[in-house]
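Dear colleague,

I am passing on the structure we spoke about, together with notes on what was found in it. Please keep the model open beside you while you read.

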Amino acid sequence: MNIFDDREVRALNEKLEKLSEDPDFIVSDLILQRKGKTLQFVDLVMEGGGTLGIALVGYIYALEQAGIRFLSVGGSSVGAIVALLLACLGERTEKKGAALTEIITEMDMKSFIDGRLFPSVLSRLLGKGKVTAKTFKIIVLAIFSSCSIVKKVGLNPGNNFLEWLTSCLKAAGVRTVADARKVFASIPEDLTHRTRGQDYTKPSPSLKPVAADITTSTKVIFPEMAPLYWKDPEALNPAYLARASMSIPGFFQPMEVNNVSEIDDIKEKWKSLCSFDGKVPDKITFSDGGLLSNFPISLFHESRVPNAPTFGARLGSFSRVVKEISTFRGYIGNLFESMRHNSDFEFMYKNPDYRNLIAYIPTTGHNWLNFYMSDDEILCLFKNGMNAAYDFLENFDWSGYKEIRRQQLTMDALLSRLHSGRSRRDRARPSDDARTDTEGA
């Protein structure tokens with residue numbers, strides 16, 4: 001399937017290229033010139049969502065067509081997978097969306113179901129709408145609670161996925177975490193600030209796939225926390241970082257890392273990197289990064305007006321609504337959803353300006369565990385991502401966003417001073433006991 005032959009994709013390409021040539025199209029203060037065109041740089045965070053991640057590829061492709069390139073990238077689950085590929089497929093100024101699209105559309109998704117017959121049948125039923133995602137969770141829980149032969153806590157080993165991602169990275173010349181850093185950490189020397197030229201704080205680009213260490217209840221941000229789990233993390237195959245993040249509970253077996261306690265100075269590392277002061281376990285189990293933060297939009301947050309925005313790509317809506325919990329199925333489904341989104345809701349509540357940075361990609365009618373998608377379904381998700389990106393860019397106001405951020409920072413500083421002053425007064429005021437003692441004397 002050649003997605004780029006689709007009439008709607010070609011039409012969107014033309015609109016995005018025109019947008020990139022518009023002198024009033026401004027999304028960032030960090031820019032550089034290439035071949036007579038202005039490239040604008042942003043950070044990017046992507047949500048987890050299983051096979052719906054195809055829409056993230058369409059979103060990235062559209063941003064690049066509009067002249068946008070990426071500084072730091074991160075995400076959970078499939079967002080982590082796409083972030084890793086985006087980071088490793090070429091130099092920062094290059095368009096990577098087309099290569100990423102080719103990789104994703106040519107992969108044999110159904111081969112990732114490398115368990116026995118049951119998970120294959122289940123995925124087909126999910127794709128056809130015969131089994132809902134909530135029902136799937138009940139099925140998996142029932143299997144685990146009633147069947148003692150399930151020892152690996154997952155229907156699929158995930159080995160085929162690991163081999164596929166490893167081969168994709170090797171084809172790009174990336175075999176180790178050190179290789180990935182080399183590709184992604186450098187920034188172009190001619191990257192400048194739109195108004196200040198070279199007089200600005202240079203960015204430090206980073207790649208941040210998120211996983212869940214369920215042995216110690218730790219939200220893990222790779223590769224910076226990799227020294228907690230591997231003796232030589234720089235020599236590690238980076239595909240393991242994504243494999244740790246994509247372990248959908250029940251569907252894929254969690255990834256395990258052994259001999260953790262034998263790492264040099266391991267207790268000090270755990271204390272400094274994640275404030276863990278207990279006994280370091282010998283074996284760590286990773287589950288889907290989305291369990292603790294499915295949309296880790298806080299990854300690149302700074303307490304100042306940024307030189308470049310952090311764009312967020314969400315798969316579906318992001319709203320807090322009252323949910324009916326009248327059945328066990330509804331209870332379990334909403335329990336999972338609360339776990340996945342709680343920390344993200346909290347960050348958005350404290351930083352409402354981020355709502356202006358997020359594109360919502362429609363995914364209605366598609367199932368996140370359908371590994372048997374047709375070409376038409378893949379094309380639909382890709383175009384949904386492209387359309388969401390175009391609509392977002394058409395309405396994004398960089399100057400307006402910076403003003404909102406300034407106002408938010410001013411308000412935060414004022415509230416902090418008020419709180420600090422109140423705390424000082426409370427400390428200076430005699431307690432009731434002290435006042436009584438004084439009066440008695």
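**Aromatic pairs and the cores**

The structure holds 23 aromatic pairs, where a pair means rings of Phe, Tyr or Trp (its six-membered ring) with centres within 6.5 Å, called stacked if the planes are under 30 degrees apart, edge-to-face if over 60 and tilted otherwise. One of them joins Phe222 and Trp230, whose ring centres are 5.8 Å apart with the planes at 50°, so this pair is tilted. Tyr229 and Trp230 make an edge-to-face pair, at 6.1 Å centre to centre and 65° between the planes.

Before going further, please bear in mind that this is a predicted model, in which local features need pLDDT of at least 70 and side-chain atom pairs count only at pLDDT 80 or more, while totals for chains, interfaces and linings use all residues. Residues are numbered from 1 along each chain as its sequence is written, and side-chain values use heavy atoms, with hydrogens and water left out.

The three residues just named are buried, a word used for under 20% relative accessible area, with exposed meaning over 50% and partly exposed in between (1.4 Å probe, protein chains only). Phe222 has a relative accessible area of 0%, Tyr229 has 1% and Trp230 has 14%. Ring pairs link Phe222, Tyr229 and Trp230 with Trp270, Phe276 and Phe286 into a cluster.

Several of these residues return in the largest nonpolar core, a nonpolar core being a set of buried Ala, Val, Leu, Ile, Met, Phe, Trp, Tyr and Cys residues joined through side-chain atoms within 4.5 Å. It has 110 residues, and the members that touch the most others are Tyr59, Phe222, Tyr229, Trp230, Phe286, Phe311 and Leu393. Helix α13 (residues 375–395) gives the most to this core, with ten residues; helices (H or I, at least four residues) and strands (E, at least two) are DSSP runs, numbered from the N terminus. A second, separate core has eight residues, including Leu30, Phe41, Leu71 and Leu191.

**Two loop residues**

Ser28 lies in the loop between α1 (7–21) and β1 (30–34), and it counts as buried because its relative accessibility is 0%. Its side chain reaches the backbone nitrogen of Leu30 at 3.0 Å. Leaving aside neighbours within four places in sequence, Ser28 is in contact (heavy atoms within 4.5 Å) with Gln40, Phe41, Val42, Arg194, Asn307, Ala308, Pro309 and Trp398.

Asn367 is found in the loop between β12 (358–361) and α13, and its relative accessible area of 14% makes it buried. The side chain of Asn367 reaches the backbone nitrogen of Leu369 at 2.8 Å.

**Charges over rings**

There are also two places to look at where an arginine sits over a ring, which requires NZ of Lys or CZ of Arg within 6 Å of the ring centre and within 35 degrees of the ring normal. Arg92 lies over the face of Phe184, at 4.4 Å from the ring centre, and the charged end of Arg314 sits over the ring of Phe295, 5.2 Å from its centre.

**The chain as a whole**

The chain has 15 helices and twelve strands, and 51% of its 441 residues count as buried. Of the contacts with a separation of 6 or more, 78% come from residues 24 or more positions apart.

With best wishes

Terms used:
A polar contact is a pair of N or O atoms within 3.5 Å; within protein, one must be able to donate a hydrogen and the other to accept it, and residues adjacent in sequence count only if both atoms are side-chain atoms.
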